[in-house]
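Biologist: I would like to learn how to read a domain interface and a metal site from coordinates. Could you take me through both, giving the general idea before the case at hand?

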Amino acid sequence: MTLIVAEYIWIDGTMPTAQIRSKSRVVEAPQSQTSIDLFPEWGFDGSSTNQATGDNSDCILKPVNFVLDPIRDDGSFLVMCEVFDRNGNAHPTNTRAALRRVLEAGAHTQDAYFGFEQEFTLFDLEGNPVGWPDAGYPAPQGPYYCGVGAGAVDGRQLVEEHLQACMKAGLLIYGTNAEVMLGQWEFQIGYRGFDEPADALKTTDDMWFATWLLHRLSEDYDIKVSFENKPMKGDWNGAGCHTNFSTKEMRRAETGKKAIECAINQLAATHETHVKIYGAGLSERLTGNHETCSINEFRAGESDRGASIRIPISTSQNGYGYLEDRRPGANSDPYLVAAQILVTICGLDQCLMSETAKSPQVALL
Ligand code: ADP
Ligand code: MN
Ligand code: MN
Ligand code: MN
């Protein structure tokens, strides 16, 4: 008998922004091809994760997806779990269940692709962004975006190790870059134009796997990873999670133009609903400055980085392709963002969001 370690990962109930949790369990190594059945259901103490009260605290972890664990790197796995209550109902914090039900309610017929640009900020243990002086400020923004060289970037070793870990795990990692504020970086997860599975659930699961990996690797560098929307107040860029998406009709030359126009009109009509679930404290980032559109406005524009929805140059040139929703904050939940975009552009019932997942953010609706 060969034994391996499985890292069970789930999303907790922290308010107002859910956090990621994990614990390790020994399982038998697969004899042949691994299937999800290799990983038994498990439980945890929900009273310590804001998911239950002390007198009734058992929550169920149901494995739903797995990838190779690139850190243990010995045939072990990372296992994504959904949280259920003991009666078998999806827990109110189980936002993946909301996305599943939106797909089942009809969105899956659209073969939607997503691509998330996850920005994040690295802090040293004293609480300064990496690369910043202990007192005062670095030189103004300008040289840092996609910068190279000491002084222009800081934290690259962690970002590079994370990139390699995502590759090894087989995630839909698309790329990385240094961001506009010193100490801020981005990784992208999503559709890569390759012939490979890249459905909405795979892409959003990969986002959470990548987030877990970044937090886990940050332990080795004594660096804290922050997904705050506006980690440094003042004249410094906030951190977002631009969400690129396309449906099969948007991607097709014959139907693209009409489908894209229609999606933009639907997004314009539902702006207030979207910004409610696009991350806590979003108004601090969506000010109308620093490459954002004000939270009180909706605007779509070609190549416009001050718009809510940017129509990328390739899409406007071809007349078909994808759109970029620039509104989601770095602390948004990709399950919820994908689910809400699908509800809107597929014309589904908004109740699918609030009835099925009363997550910390949806609860505010
Ligand atoms: P930006 O120019 O906004 O910084 P990036 O190069 O960082 O863009 O990221 C591009 C994103 O677009 C990636 O996440 C990728 O997965 C996504 N993407 C590309 N083509 C499509 C498509 N057809 N449908 C959905 N997402 C797409
Ligand atoms: Mn980008
Ligand atoms: Mn960016
Ligand atoms: Mn972008």
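Modeller: What follows takes the interface first and then the metal sites. This is a predicted model, in which local features need pLDDT of at least 70 and side-chain atom pairs count only at pLDDT 80 or more, while totals for chains, interfaces and linings use all residues. Residues are numbered from 1 along each chain as its sequence is written, chains are lettered from A and ligands numbered from 1 in the order in which they are written, and side-chain values use heavy atoms, with hydrogens and water left out.

Biologist: Into which domains is the protein divided, and how much area do domain 1 and domain 2 bury between them?

Modeller: The size of an interface is often given as the accessible area lost when the parts come together. Here the protein is divided into domain 1 (2-93) and domain 2 (104-353), with bounds taken from an automatic or database domain assignment. The two bury about 1600 Å² between them, 76% of it on carbon and sulfur atoms, where buried area is the accessible area (1.4 Å probe) lost on being put together, summed over both parts. Contact (heavy atoms within 4.5 Å) links 17 residues of domain 1 with 15 residues of domain 2.

Biologist: Which side chains meet in a salt bridge?

Modeller: A salt bridge requires a side-chain nitrogen of Lys or Arg within 4 Å of a carboxyl oxygen of Asp or Glu. The side chains of lysine 168 and aspartate 73 satisfy this at 3.2 Å, N to O, and the rule finds one salt bridge across the interface of domain 1 and domain 2.

Biologist: Which protein donors does the manganese ion (ligand 4) have?

Modeller: Donors are N, O and S atoms within 2.8 Å of the metal (3.2 Å for Na, K and Ca), and sites may look incomplete because water is not among the atoms. For the manganese ion (ligand 4) they are two OE atoms of Glu117, ND1 of His242 and OE of Glu324, lying 2.0 to 2.5 Å from the ion. Glutamate 117 lies in strand 6 (residues 113-123) and histidine 242 in strand 10 (residues 241-246), so the pair ties together parts that are 125 residues apart in sequence; strands (E, at least two residues) are DSSP runs, numbered from the N terminus.

Biologist: Which residues coordinate the manganese ion (ligand 3), and which glutamate does it share with the manganese ion (ligand 2)?

Modeller: The manganese ion (ligand 3) is coordinated by OE atoms of Glu119, Glu179 and Glu186, at 2.1 to 2.2 Å. Glutamate 186 also coordinates the manganese ion (ligand 2), 3.8 Å from ligand 3, whereas glutamate 117 coordinates both ligand 4 and ligand 2, which are 4.0 Å apart.

Notes
Helix = DSSP H or I, 4+ residues; strand = E, 2+ residues; numbered from the N terminus.
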